[in-house]
Amino acid sequence: MACITVGVDQLLDTDSQSMFCMQKSAKLVPGVTLDLIEKIPGRLNDRRTPLGELNWIFTAITDTIAWNVLPRDLFQKLFRQDLLVASLFRNFLLAERIMRSYNCTPVSSPRLPPTYMHAMWQAWDLAVDICLSQLPTIIEEGTAFRHSPFFAEQLTAFQVWLTMGVENRNPPEQLPIVLQVLLSQVHRLRALDLLGRFLDLGPWAVSLALSVGIFPYVLKLLQSSARELRPLLVFIWAKILAVDSSCQADLVKDNGHKYFLSVLADSYMPAEHRTMAVFILAVIVNSYNTGQEACLQGNLIANCLEQLSDPHPLLRQWVAICLGRIWQNFDPARWCGVRDSAHEKLYTLLSDPIPEVRCAAVFALGTFVGNSAERTDHSTTIDHNVAMMLAQLINDGSPVVRKELVVALSHLVVQYESNFCTVALQFIEEEKNYTVPSPANTAEPGNLTPVRDSPAIPRLRSVNSYTNIRAATTARNLNKSLQNLNLNEEGGPAAFSPGNLSTSSSASSTLGSPDNDEYILSFETIDKMRRVSSYSSLNSLIGVSFNSVYTQIWRVLLHLAADPFPEVSDLAMKVLNSIAYKATMNARPQRILDSGSLTQSAPASPTSKGTHIHQAGGSPPMPSTSSSSLTNEVPKPPTREQTSTRPPYTPTLGGQAPHSHQFPRTRKMFDKGPEQAGEDGDEPGGHRNYICPALQTGLCDWSAKYFAQPVMKIPEEHDLESQVRMERQWRFLRNTRVRRQSRGITQRGVSRLDDQIFINRNPGVPSVVKFHPFNTCIAVADKDSICFWDWEKGERLDYFYNGNPRYTRITAMEYLNGHDCSLLLTATDDGALRIWKNFADQKNPEMVTAWQGLSDMLPTTRGQPSSSAHSLARRVSIYLDRSKQGGAGMVVDWEQETGLLMTSGDVRVIRIWDTDREMKVQDIPTGADSCVTSLSCDSQRSLIVAGLGDGSVRVFDRRMGPNECRVMTYREHGAWVVKAHLQKETDGHIISVSVNGDVRFFEPRTPDSINVLQTVKGLTALDIHPQANLFACGSMNQFIAVYNANGDVISNIKYYDGFMGQRIGAISCLAFHPYWPHLAVGSNDYYMSIYSAEKRLR
C-alpha cells in the first residue's frame, strides 16, 4: 500500500535503486549515488524544477500507458473522474513495475492488465537518466538545470504519425502526452497546432481526444489572452462542438463564450476564424436559455449584424444562423433585434449569390416571426413585413431555400392560426363554388391518344428515394401525392403517412368527396384553389381582405404545394392540410360531436356527411416506404401514372472540373442535403404543435457537418492517384478521342446519311430525343418518362418517371457536364425544371434538384394531355390559324462554359438561370406577343437567338440592359419557327427554319438574310448538325430529308430499313449527335431509329 500512496520522489528513489540493481545504470550515469538521488532539487508542483518536471513526465507516461492498455470506459473511471484515484493508479502502474522486478505480482480491484513491459517505460528510464546525470553538477557546482527533451520528442513522434500515417491505422499513443504539453508555455503553440491537425481528421479523432480528457485542458486555455493562440483555440473548439454540442453549459459557466465574442468582434481576425467563432456561439445559444441570455448581454446581435456584409460566404451563413438561434423562443433577443433593425438588415441576404446564405437568412427570419410571445400591433406589422419579403423567394432556384421558406411561413401560420383558418375556409368555399376547367380534365377535339398494346408495356425503373417512396394517387399523379390527415387513437392529429394514402382512381377535386374522403386537401384541390385565387372575388372574407398578408401567404403556400421538388411540396402540403383540418373542425363543432368518438370518425367536410378514416397507429412517419401500392408494372396509361417513386435532393460529391457545374457547388462536401426531422410528435390535442416543431429541414445540423469534416485534407479529385482522378482522366481522354475521330469523318464530307444503325420500339411516343455527347447513350423522352438506350448495343438501359403532373409534358432535355459526370435536365411545359443523376446505369436515378424555371407560363398555351399526333397537328396548323399560336411548352439552351441556362417558351421573356448560384440572373423581354419556340446561345459573343411562334427571329445581347438588349429582329419567316440555331464560331451565322420549310441564313450584323433555301412544307421537327454543316427535316408526311449547307438533298428516308419495308410514322422529334454524323429520329408509332453516314466513312 505504501508504494501507491507515497509521492513520486520516494517512488523514484525506490525505482532508481531497483534499476541500479537490475540494469547497472551506474555505468551509464557515473557519479550518481543513492544518497544523491534523495537530494533531487525542486517541488512536485513546479514543472520548472527537476523534481516537478519528472513528476510531470511521470504523469504523462502513466496516462499514456493506461490509455493505450485499458478499455476506454475503465480509463475514464480510474484516471479522469477523480484526481486522488488517478494519482493512486498512476503510482500503482510504477509500483507494479518495481514489484515485478522483485518477482512480486501486485493485485488491484478492478483487475488491470499487465503494463510493466510497455514500451513507454523506456522513455521514463531515459528521462530519469537525463535528470540524474545533471545532479552532481547541479548540487555541487550550482549549474542551471537543462530541461528534458521528452515532450519535444513526443510531439515530433505525434507529428510523424500525422504526416506519414495512413487513414486506417491505430490511434497515436502520444495523444495523452499532447494534452499534458498544453500545460507548457514553451510547447503549447506547437501542441495546439498538432492537436488541431489531429481533430481535423474527422469525428472519430474528436471522440478519441474527448475520451483522453481534452475538455478541461482547452477550457482552461480560454482564459489565456495570447493572440497567437486564438486561431488554434477557435479551430479546436469548432471541431469539438461540431461533434459534441453538450459542452455549451460548461462554456457559459466558465465564461468561455466571452472568448469567442471577442474573436468575432476582432476585425483583424481572418474571416475563417470569425466563422468558427460564430459557429461556436451558435452552438452555445442553441435551445439553451442561459446561453442566449449570456450572449445577448455580450452584444452578440450587434456583432453579428456588423458581419452580414462580409465577403466570406460561410461567415455570412453562420452569422444568419446564429441570429436565428439566439432569438428563437427568446423574446428579449427578438426585441433587441427589432431595435437594431436586424430583420431589415437580413433582407439583403435573401438575394445573396450563395444558396446556403439565402437559406440561413430565411431560417433567421423564420425564427424571428416564430416567437410565441404575445403580439402587439408593432410586432404584427413587423411579422407581416417579414412574411412579404420571404414570399419573394417563392421561385428561388434552390430547393433547400424553398424548403426553409415553407418552414419559416409555417411559423407565421402558427402565430396567426385563426386568420389563416378564415382564409382557408374562404378558399375552400370558392373552390367548391367556382368551376374552373382543369387542364387535367380538358381534352380538345381530335385529341387521339394512341393505345399502347401489351408488347410495348415497359417496366418503369424504381427511382431511388430515401424520404419519399410512396404510393401515388391519380389526383396527385405520382409527383404530388395526396396528403391525408388522420386522427390517432387518442383523438389527436396523426402525422401524414404514406401508409394512409389511398390508391383510389377517383380524380375528384372536391374537398372530402365520397371517393376520396380521407383527404382534407388533395393536390388537385390545391391546384384548383391556386387558379381560382387569381381571378375570383375573395374580398368577401370577413375581417380578412382579399389582398391581406394572410391571403398572400396562403397563395404562396398553395404555389409551394405544387413545387416540382417533392420535399418542398410535401412540407407545404402539411401546412395547408393542418390549417384546413383546423378550419373544418372549428367550422362544424356540432357535427363533430354528433359523429361519435373522434377515434372513429374524422371531422365532417363541407361536401360530405362524414369521413371515414384509417387507424394511424401503425403508420410510420416519413421518411418511410409505403408497401401498399408500389409496383413497377405499367399495364396501361392510367395505371402507369400511378407508379412512381420520388428521389430526394442528393448533392453531388467530389470537386468540379473546369466548366463542370454541380448542383449545388457548396453542398458537395456532405453526403445528403438536410433531411426533414422526424414528424411523429403527435400528442393529443397538439395540432398547433404539429406544424411548428415537426416541420424542420435540419439546415443547422446539416451545415454544422462542415466543421466536423476534414478541411485540411487534399480533395480526392486533386489526388493524382485517387480513383476519382483516374476516372476523370479516362473520361477526358475518351472525349478527346471522340472529338478527333468524328472531326476526321465530318471533314471528309458526308454524302449520305441513311444507314440505319439502330431501331427499337420505345415505351412511349418519343417527344424529345438527346444524344449523350461522348458515350453511346441516347435519352428519349415521352410525355412524362425518360428511356435510355445504348444505340451501339441496341439495349435499353433505363426507363423512369420524370415526376411531372399528368397534364404536363416534357418539351426539352439537355445534358449538363456531358464531358464529365453527366446530369440530365428535363423541362416540362408547366415551367418546371428537373435535374437527374445516376441514370442509364445500374444505380437508381436520383433527382439532384428541381425548380420552377418559368413561373408565369400562359395558361392558354399549357400543354394538354394530348398525344404527340395531336401536338404535331396543332404545331403544323399554327401558320394556317394564327389564333392558335402557343403550345411551344418550355424551350431551353445550356451554356456549359458559364453554367448559364436559358429558358423560355409560352412566356414573354427569356429567363437566364445561373446554376452555380441557383438563382435567376436576368429576364430579357422578347418584345413579342407570341411564344418562343427555339433558343440558341453563344457564350463567346454573349448572344441569344430566339425563334418565335409569329415567325420572327430575334437576337439579344445579354450584356445590355433589358430595354436595349434586343439588337436585331428578322421577320422574313411567315410562320412558326421550328428551329433557330446560332453557330458557335466567331463569325457564325444564324440558321432558322419555319414550318413552311424555308431555311434562312442571317449574319447577326446585317438586317436581311444572306441566303434562303426551300425544303418541304409541314415540318414538325428539324435539327442542325453543329459540326458537319447538315440539317435534317422531319415531316407529317412520314419522311425525313437530310440536306447539306448548299440545300442539296443527300438522303430521303421513308421506310424502316430491314423492317419489311414498313413506312415510318409521322416524325415527332429528331436530333443530331453533337459530334458523330448520327441522326436520331422518333416517330409517332413509338419507334426510335438512328441513321448514320456510310460504313466506309465510319
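A residue counts as buried when its relative accessible area is under 20%, as exposed when this is over 50%, and as partly exposed in between, using a 1.4 Å probe and protein chains only. Helices (H or I, at least four residues) and strands (E, at least two) are DSSP runs, numbered from the N terminus.

The structure is a predicted model, in which local features need pLDDT of at least 70 and side-chain atom pairs count only at pLDDT 80 or more, while totals for chains, interfaces and linings use all residues. Residues are numbered from 1 along each chain as its sequence is written, and side-chain values use heavy atoms, with hydrogens and water left out.

**Exercise 1. The chain as a whole**

Find how many helices and strands the protein chain has, and what percentage of its residues is buried.

Solution. Start with the secondary structure, where the protein chain shows 35 helices and 32 strands. Then turn to accessibility: of the 1098 residues in the protein chain, 61% are buried. Finally consider contacts, where contact means heavy atoms within 4.5 Å: among the contacts in the protein chain with a separation of 6 or more, 65% are between residues 24 or more positions apart.

**Exercise 2. Helix α33**

Explain why helix α33 (residues 699–708) is described as largely enclosed by the rest of the structure.

Solution. First go through the helix and pick out its buried residues, which are Leu699, Cys700, Trp702, Ser703, Ala704, Phe707 and Ala708. These are 7 of the 10 residues of α33, and therefore the helix is largely enclosed by the rest of the structure. Next look for what covers these buried residues, and you will find, among others, α12 (203–212), α14 (230–243) and α17 (271–284). The cover also includes α20 (313–326), α23 (355–369) and α25 (399–415).

One residue of the covering helix α12 can be examined separately, namely Ser207. At 40% relative accessibility, Ser207 counts as partly exposed. Ser207 and Val243 are 36 residues apart in sequence, yet their C-alpha atoms are 7.8 Å apart in space.

**Exercise 3. Two crossing helices**

Determine how helix α4 (residues 50–69) and helix α6 (residues 83–101) are oriented to each other, and which residues make the contact.

Solution. Axes are lines fitted to C-alpha atoms, for helices over the stretch in contact, and angles run from 0 to 180 degrees between N-to-C directions. The axes of α4 and α6 come within 10 Å and cross at roughly 85°. Angles under 35 degrees count as roughly parallel, over 145 as roughly antiparallel, 65 to 115 as roughly perpendicular and the rest as oblique, and α4 and α6 are therefore roughly perpendicular to each other. From α4 the contact uses Phe58, Thr59, Thr62, Asp63 and Ala66, while α6 contributes Arg90, Asn91, Leu93 and Leu94.

**Exercise 4. The sheet that contains β10**

Work out the strand order of the open sheet that contains β10, and decide whether strand β10 (residues 810–816) is largely enclosed or not.

Solution. Two strands pair if DSSP finds at least two bridges between them. With this rule, 4 strands form an open sheet in the order β10-β11-β12-β13, and the pairing is antiparallel. At the edges stand β10 and β13 (846–852), each of which pairs on one side only. The average turn between neighbouring strands of this sheet is 20°, with direction ignored.

Now follow β10 itself, which pairs with strand β11 (residues 823–828) in the antiparallel sense over 6 bridges. Ala812 has Ala827 of β11 as its bridge partner, and Met813 stands opposite Thr826 in β11. As for burial, 7 of the 7 residues of β10 are buried, so the strand is largely enclosed by the rest of the structure.

The hairpin of β10 and β11 has 6 residues between the strands, and Asn817 takes a positive phi near 55° there. The backbone nitrogen of Asn817 is reached, at 2.9 Å, by the side chain of Gln896. Gln896 is found in the loop between β14 (890–895) and β15 (900–905), and with a relative accessible area of 16% Gln896 is buried.

**Exercise 5. Leu935**

Decide whether Leu935 is buried or exposed, and list some of its contacts.

Solution. Locate Leu935 in strand β18 (residues 932–938). Its relative accessible area is 9%, so Leu935 is buried. Leaving aside neighbours within four places in sequence, Leu935 is in contact with residues including Val891, Met902, Ile910, Ile944 and Ala980. Leu935 and Trp894 are 41 residues apart in sequence and 9.5 Å apart in space, C-alpha to C-alpha.

Technical notes:
Polar contact = N/O pair within 3.5 Å; in protein donor to acceptor, adjacent residues only side chain to side chain.
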